[in-house]
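Please look over the model shown here. The report after it covers selected local features.

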Amino acid sequence: MFDAHVHIIDPRYPLIENEGYLPDPYVIADYRKRMERFDVRGGAVVSASFQGTDQAYLTAALAALGPDWVGVTRLHLDATDDDILELDRAGVRALRFNLKRAAADITEMTLQALRAHELVGWHVELYIDGQMLASLQPVISKLPALSIDHLGMSAEGLPYLLDLVDRGARVKATGFGRVEMDVADTLRRIHTVNPGALMFGSDLPGTRAGRPFDDADIDLICDVVGADLHAVLEDNAREFYRLPAVERAVSDPAPTRPMPRTENPTVPIPRDELPGADAATRPLPVIER
């Protein structure tokens, strides 16, 4: 499994009150304990609004988690090329546009995103209510690579989301407890448009969500995508974040087995033991026409 959306809240680093809210700590040990029943082999640590543009917590988390983990960050608009290159070396692979809970200059953010993509290949991840996607078309059309958080948040925005998916955008199958839509139907429609679009994420610890991630969310995804489960749970995201693919042994669920041997197998009978072998050979009768 590749968990494409995790928040690490480390109290050793600065937190900024957002709309009167400060989250409880949620450190790497908390995450590992919660997900211990799953084979999590990598993921993406995503900067939230209450972490501002602090990079120290993010680089520390990536160093502790290992090379199969990447970062999704917010940057000061005056960040330099050297800042971006340094973060890329630390494992950051994307910029987050938080347009739901953090005010920002979208034009300047877009210019920064284009610079980061040109420098190191970063993509953009949008946290936004899908109803706003149409109004952002002039911005979105300029971004070379894009993903949308939490299924686009609302059913009203689904037509715009599906249009983006058809043009190559990825969608995070995350935050089922914070969206206003039929999750199964939304997953199915996205998967139908592009089987490579969906990327699983736990969204842990689920701050301000109606409910946090539940193990049954995996069952729901499995029911919808069927044989593409490995792609949604891991492969699509690893490809999007430019990580090596995972090699899996292919096993045949119903392999061909040899026929069982019998105690008395059929053997050829010698000619001289056939019935009537001692009788003289007689010619066939002539048939008159």
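The text below takes up a buried histidine, backbone geometry, one contact between distant residues and a charged surface patch.

This is a predicted model, in which local features need pLDDT of at least 70 and side-chain atom pairs count only at pLDDT 80 or more, while totals for chains, interfaces and linings use all residues. Residues are numbered from 1 along each chain as its sequence is written, and side-chain values use heavy atoms, with hydrogens and water left out.

**His-7 and its contacts**

His-7 sits in the loop that runs between strand S1 (2–6) and helix H1 (28–34). Helices (H or I, at least four residues) and strands (E, at least two) are DSSP runs, numbered from the N terminus. His-7 counts as buried because its relative accessibility is 5%; buried means under 20% relative accessible area, exposed over 50%, and partly exposed in between (1.4 Å probe, protein chains only). Its side chain makes a polar contact with the side chain of His-5 at 3.4 Å. A polar atom of the His-7 side chain also lies 2.8 Å from the backbone oxygen of Val-46. A polar contact is a pair of N or O atoms within 3.5 Å; within protein, one must be able to donate a hydrogen and the other to accept it, and residues adjacent in sequence count only if both atoms are side-chain atoms.

**Backbone geometry**

Most residues other than glycine have a negative phi, and most peptide bonds are trans. The peptide bond from Leu-204 to Pro-205 is cis, with omega near 5°. Pro-205 belongs to the loop between strand S8 (198–200) and helix H8 (216–225). Two non-glycine residues with positive phi are listed here.

| Residue | Phi | Place | Relative accessibility |
|---|---|---|---|
| Leu-151 | near 60° | loop between S6 (146–148) and H6 (158–166) | 1%, buried |
| Arg-242 | about 60° | segment after H9 (229–240) | 42%, partly exposed |

**Leu-220**

Leu-220 is placed in helix H8 and is partly exposed, with a relative accessible area of 25%. Its C-alpha atom is separated by 6.9 Å from that of Ala-184, although the two residues are 36 apart along the chain.

**Charged surface**

Asp-78, Asp-82, Asp-83 and Glu-86 form a negative surface patch. Patches are made of residues with over 30% relative accessible area and no salt bridge, with like charges joined within 9 Å and nonpolar side chains (Val, Leu, Ile, Met, Phe, Trp, Tyr) within 5 Å. A salt bridge is a side-chain nitrogen of Lys or Arg within 4 Å of a carboxyl oxygen of Asp or Glu. Asp-78 lies in the loop between strand S3 (69–73) and helix H3 (81–90), and counts as exposed because its relative accessibility is 64%.

Conventions:
Accessible areas come from the Shrake-Rupley method with a 1.4 Å probe; for residues, only the protein chains shown count as cover. Lys and Arg count as positive and Asp and Glu as negative; His and the chain ends are not counted. The place of a charge is taken as NZ of Lys, CZ of Arg, CG of Asp or CD of Glu.
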